[in-house]
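Trainee: Hi! I've just opened a structure I haven't met before. Could you walk me through it?

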Amino acid sequence: MLLRLQICRTFMLLRVQNTHESIFQRCDCKILRRFLLSSNLLIFTSEGRNVSDVRSLKIEGVKDIIAVASGKGGVGKSTTAVNLAVSLANKCQLSVGLLDADVYGPSIPTMMKLHGKPEVSKGNKMIPIENHGVKCISMGSLVEKDAPIVWRGPMVMKALEQMTRGVEWGQLDILVVDMPPGTGDAQISMSQRLQLSGALIVSTPQDVALMDARRGVKMFSKVSVPILGLIENMSYFKCPHCSKPSYIFGKGGARKTADEMGLGFVGEIPLEEEIRSGCDEGVPVVLSHPESAVSVAYGDVALKIISRLHELAAADQQFKPQINL
C-alpha cells in the first residue's frame, strides 16, 4: 500500500513537470516504469502527445471511424449520430456502420427500429443488424428490453471491445460511433483502442452544455484525436403557426465556442417535432421528411464531415516519407 502511494505521488510530480521530454526518459525507477506500462494510464508529454505503448488499431475493412460525442447527456448526441449515419448512407451513398457505444443507455435499437439479436458468423463474430442502409450494433440488441446494465468498468471495457473487433463489419467507408456521454474511462479507452479519424462534438447553445463540450474537446485533444467540428443541436424552436424562431437554450453559443477554440462549426439543428417522432418510431427524420429544413441541415453536416476527413487524410499524407525507386 505504501509503495502504491509513493508511485502515485511520483507519477503526479512527473506529470506536472514542464518538460518536452518523454516521461519515461525522466523515470529512473524500474518499478514505477513497469507500473506505468502495465496500467491503462495515458502518459503525455507537455505537448499533449501520447507516449504510452497503448496503440490505436484500425478495424479490418473500416476506412474511417468517427466518434459522435458530447461532454454531457441530454444534448441529442444519439439523435445526431443516427441522422448523420443515415445521411452518409443514403445521401452520400457510402457504406456506413453505426456502433452504439453508450452501454448504459443504448437507444439506437429504438431510433433505428432494430429487431432481434445479431446472428453469429462462422468466424464467431456478430453480424450487424442492418436497417435504413446502415449496419448497426448496440448493447440494446443483446439484452432484454428495459433490462438495466449494472456493470463495473472492466465489464464495460470488455463489452466495447467485443462490439468493435468482435463484429463482422465487412467493408465500410465510415463507422459512426455513438459515444457515451462525458469524459470518463469508457471514452478514453475507446479513443485508445480505436484509430479514430476524428470526433464530432454535439452541444446545445446553453452555457452549461458548452462548458462540458469544451471538456470533451480537450479530452480528444489529449489523446490526439482530431476534432471534425462542433454541431449545435436544439438551436431554436420554429413556431408552426407564425414561423417565428424562439431561442429556448440561447442563441449562437456553439458557433461562438467553436470560434474561440479554433474549431470548425458544422451546422445548426433546430428543435422540431418531426425529429422526436422519427426517433420514437424508428424512422430518422432524414428519411421520413427528406425535404425538410432539418433534413437538409443534417445532409449538409454529412458533407462537411466527409470534406473534413478528406482534408485530414491529405494532411496526413504530406507527412509520410516519399520513396522513389
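Mentor: Happy to. Let's settle one word before we start: a residue is called buried when its relative accessible area is under 20%, exposed when that is over 50%, and partly exposed in between. Also keep in mind that this is a predicted model.

Trainee: Got it. So what share of the chain is buried?

Mentor: Of the 325 residues in the chain, 48% are buried. The chain exposes about 17,400 Å², and carbon and sulfur atoms supply 53% of that area.

Trainee: And how many helices and strands are there?

Mentor: You'll find eleven helices and eleven strands. If you take the contacts with a separation of 6 or more, 74% of them are between residues 24 or more positions apart.

Trainee: I keep looking at β9. Which strands does β9 pair with?

Mentor: β9 covers residues 227-238 and pairs with β11 in the parallel sense, over five bridges. Strand β8, residues 198-203, also pairs with β9 in the parallel sense over five bridges. Then there is β10, residues 245-246, which is joined to β9 by two bridges and runs antiparallel.

Trainee: Which residues could I click on to see those pairings?

Mentor: For β11, look at Glu232, which stands opposite Glu268. For β8, Ile201 stands opposite Leu230 in β9. For β10, try Lys238, whose bridge partner is Pro245.

Trainee: What lies between β9 and β10?

Mentor: Six residues, and the two strands form a hairpin. Ser243 in the turn has a positive phi of about 65°.

Trainee: Is β9 mostly covered or mostly open?

Mentor: Mostly covered, with nine of its twelve residues buried. β11 is mostly covered too: five of its seven residues are buried.

Trainee: Where does Leu271 sit, then?

Mentor: Leu271 belongs to strand β11, which spans residues 265-271. Its relative accessible area is 30%, so Leu271 counts as partly exposed. Together with Phe237 and Ile248, Leu271 forms a nonpolar patch on the surface, with about 240 Å² of accessible area in total.

Trainee: Changing topic: how many disulfides are there?

Mentor: The count comes to zero disulfides. A disulfide is a covalent bond between the sulfur atoms of two cysteines.

Trainee: Are Cys136 and Cys279 buried or exposed?

Mentor: Cys136 is buried, with a relative accessible area of 1%. Cys279 is buried as well, at 10%.

Trainee: Let's try a helix. Which residues of α6 are buried?

Mentor: In α6, residues 185-193, the buried ones are Ala186, Gln187, Ser189, Met190, Ser191 and Gln192.

Trainee: And what covers them?

Mentor: The cover includes the strands β2 (96-100) and β7 (172-178), along with the helices α5 (153-165) and α7 (207-222).

Trainee: One last stop: where is Ser70?

Mentor: Ser70 lies in the loop between β1 (62-69) and α3 (77-90).

Trainee: Why does Ser70 count as buried?

Mentor: Because its relative accessibility is 4%, and the cut-off for buried is under 20%.

Trainee: Which residues does Ser70 touch?

Mentor: Leaving out residues up to four places away in sequence, Ser70 touches Val75, Lys77, Pro181, Gly182 and Val202. You can select Ser70 and go through those neighbours one by one.

Methods: Residues are numbered from 1 along each chain as its sequence is written. This is a predicted model: local features need pLDDT of at least 70, side-chain atom pairs count only at pLDDT 80 or more; totals for chains, interfaces and linings use all residues. Side-chain values use heavy atoms; hydrogens and water are left out. Patches are made of residues with over 30% relative accessible area and no salt bridge: like charges are joined within 9 Å, nonpolar side chains (Val, Leu, Ile, Met, Phe, Trp, Tyr) within 5 Å. Accessible areas come from the Shrake-Rupley method with a 1.4 Å probe; for residues, only the protein chains shown count as cover. A salt bridge is a side-chain nitrogen of Lys or Arg within 4 Å of a carboxyl oxygen of Asp or Glu. Helices (H or I, at least four residues) and strands (E, at least two) are DSSP runs, numbered from the N terminus. Buried means under 20% relative accessible area, exposed over 50%, partly exposed in between (1.4 Å probe, protein chains only). Contact means heavy atoms within 4.5 Å. Two strands pair if DSSP finds at least two bridges between them. A disulfide is a pair of cysteine sulfur atoms within 2.5 Å.
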